Amino acid sequence: MNEKFYQLPCGRREKIIRSAYQVFSRNEYKRASMSAIADAAGISKSLLFYYIKNKKELYLYLVCHAENLTRSAVQDYGVWETEDLFEMLRRNVRAKCSLSVKYPEICMFSVKAYYEQHPEVKKDVHKLIAKTNQNAEQKFFRTFGNSMFREDIETETMYYEIALACEGYLYRCFQKGQVDIGRMEEEFDVLIKHWKKVYLRRWK
């Protein structure tokens with residue numbers, strides 16, 4: 001990112017970031033315009049380009065920014081500090097929800113970025129996300145292994161099913177504008193009870 005961007009007053013820089021999340025979360029990369037981001041941020045397009053080289057640079061910055069925020073939230077909520085798989089899932093949902101307070105569109109942006117197919121950014125985005133996903137997988141299998149699950153369960157398949165379900169649930173909630181954390185936890189507990197019945201050796 002252009003060094004001038006980091007020299008901006010914190011408030012103005014945050015305004016640009018939030019505006020960019022908003023525009024990119026509502027449009028595919030190709031259709032998201034720097035003009036729309038400048039308008040949302042309350043600055044001219046020429047001034048936006050003074051601080052940011054181009055749309056690709058801003059987009060990849062947002063991907064890294066979202067990854068860093070998520071990593072910090074996961075740490076703050078102690079997601080990996082429990083050996084209870086389902087408590088870990090609850091904490092992970094709370095961590096993701098906490099990000100929506102400051103950046104309401106960050107969840108939608110992250111999902112769209114994951115599936116973005118535009119050749120200008122696809123390769124770079126997938127490279128950035130792949131490293132985070134790999135680290136999460138390694139932590140998952142190192143923490144939980146196979147001992148708590150039914151012998152006929154393929155752990156890797158279970159991991160991907162749960163991961164996709166979690167992301168899909170959060171995506172649906174944020175898409176509808178439902179950020180009632182209490183209600184989301186209640187609904188998520190229903191999913192957890194289902195997973196316990198399906199995957200654990202013995203469910204109580």
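This text walks through a predicted model of a protein, from its overall make-up to single residues.

The secondary structure of the protein comes to 10 helices and zero strands. Read from the N terminus, the order of elements is therefore simply α-α-α-α-α-α-α-α-α-α. The C-alpha trace spans about 60 × 35 × 30 Å along its principal axes. Of the 204 residues in the protein, 40% are buried. The protein exposes about 11,800 Å², and carbon and sulfur atoms supply 48% of that area. Among contacts with a separation of 6 or more, 67% join residues 24 or more positions apart in the sequence.

One pair of helices serves as a starting point for the packing. Two packed helices are described by the angle between their axes and the distance between the axes. Helix H5 covers residues 55–76 and helix H7 covers residues 106–115; their axes come within 10 Å and cross at roughly 120°. The crossing of H5 and H7 is left-handed. On the H5 side, the contact is made by Tyr59, Leu62, Val63, Ala66 and Leu69, while H7 contributes Ile106, Phe109, Ser110, Lys112 and Ala113. Sorted by type, the residues of this contact divide into eight nonpolar, one polar and one charged.

Helix H7 can be followed further. Its residues Ile106, Cys107, Met108, Phe109, Val111 and Ala113 are buried. What covers these buried residues of H7 includes H5 and H6, together with helix H2 (10–26), helix H8 (122–144) and helix H9 (155–175). Ser110 also lies in helix H7. Is Ser110 buried or partly exposed? Its relative accessible area is 28%, so Ser110 is partly exposed. Two distances help to place Ser110 in the model. Leu191 is 81 residues from Ser110 in sequence, and the two are 22 Å apart in space, C-alpha to C-alpha. Ile37 is 73 residues from Ser110 in sequence and 17 Å from it in space, again C-alpha to C-alpha.

Ile37 leads to another part of the structure, helix H3, which runs over residues 34–41. Ile37 has a relative accessible area of 0%, and therefore it is buried. Leaving aside residues up to four places away in sequence, Ile37 touches Ile16, Ser19, Ala20, Val23, Phe24, Leu48 and Leu58. Ala38 lies in helix H3 as well. With a relative accessibility of 1%, Ala38 counts as buried. Which residues does Ala38 touch, not counting residues up to four places away in sequence? They are Ile43, Ser44, Lys45 and Leu48. Leu48 thus appears in the contacts of Ile37 and in those of Ala38. Ser19, one of the residues that Ile37 touches, is 19 residues from Ala38 in sequence and 7.8 Å from Ala38 in space, C-alpha to C-alpha.

The charged side chains are the remaining topic. How many salt bridges does the structure hold? It holds nine salt bridges. One of them joins Arg91 and Glu87, with a distance of 3.0 Å from N to O. Both residues lie in helix H6, residues 85–102, and are four residues apart, about one turn of the helix. Arg91 has 21% relative accessibility; buried means under 20%, so Arg91 counts as partly exposed. Glu87 also forms a salt bridge with Arg94, where the closest N and O atoms are 3.8 Å apart. Arg94 counts as partly exposed too, because its relative accessibility is 26%. These residues belong to a network of salt bridges that links Glu87, Arg90, Arg91, Arg94 and Asp189.

A further salt bridge is formed by the side chains of Asp152 and Arg150, at 2.6 Å from N to O. What is the exposure of each partner in this pair? Asp152 has 55% relative accessibility and therefore counts as exposed. Arg150 has a relative accessible area of 30%, so Arg150 is partly exposed.

Conventions:
Residues numbered from 1 in each chain as written. Predicted model: local features only at pLDDT ≥ 70, side-chain atom pairs only at ≥ 80, totals over all residues. Heavy atoms only, no water. Axes fitted to C-alpha atoms, helices over the stretch in contact; angles between N-to-C directions. Helix = DSSP H or I, 4+ residues; strand = E, 2+ residues; numbered from the N terminus. Left-handed = near helix turned anticlockwise from the far one by under 90°. Contact = heavy atoms within 4.5 Å. Nonpolar A, V, L, I, M, F, W, Y, C, P; charged D, E, K, R; others polar. Buried < 20%, exposed > 50% of the residue type's maximum accessible area, 1.4 Å probe, protein only. Areas by Shrake-Rupley, 256 points an atom, 1.4 Å probe, with all protein chains shown as cover. Salt bridge = Lys/Arg side-chain N within 4 Å of Asp/Glu carboxyl O.
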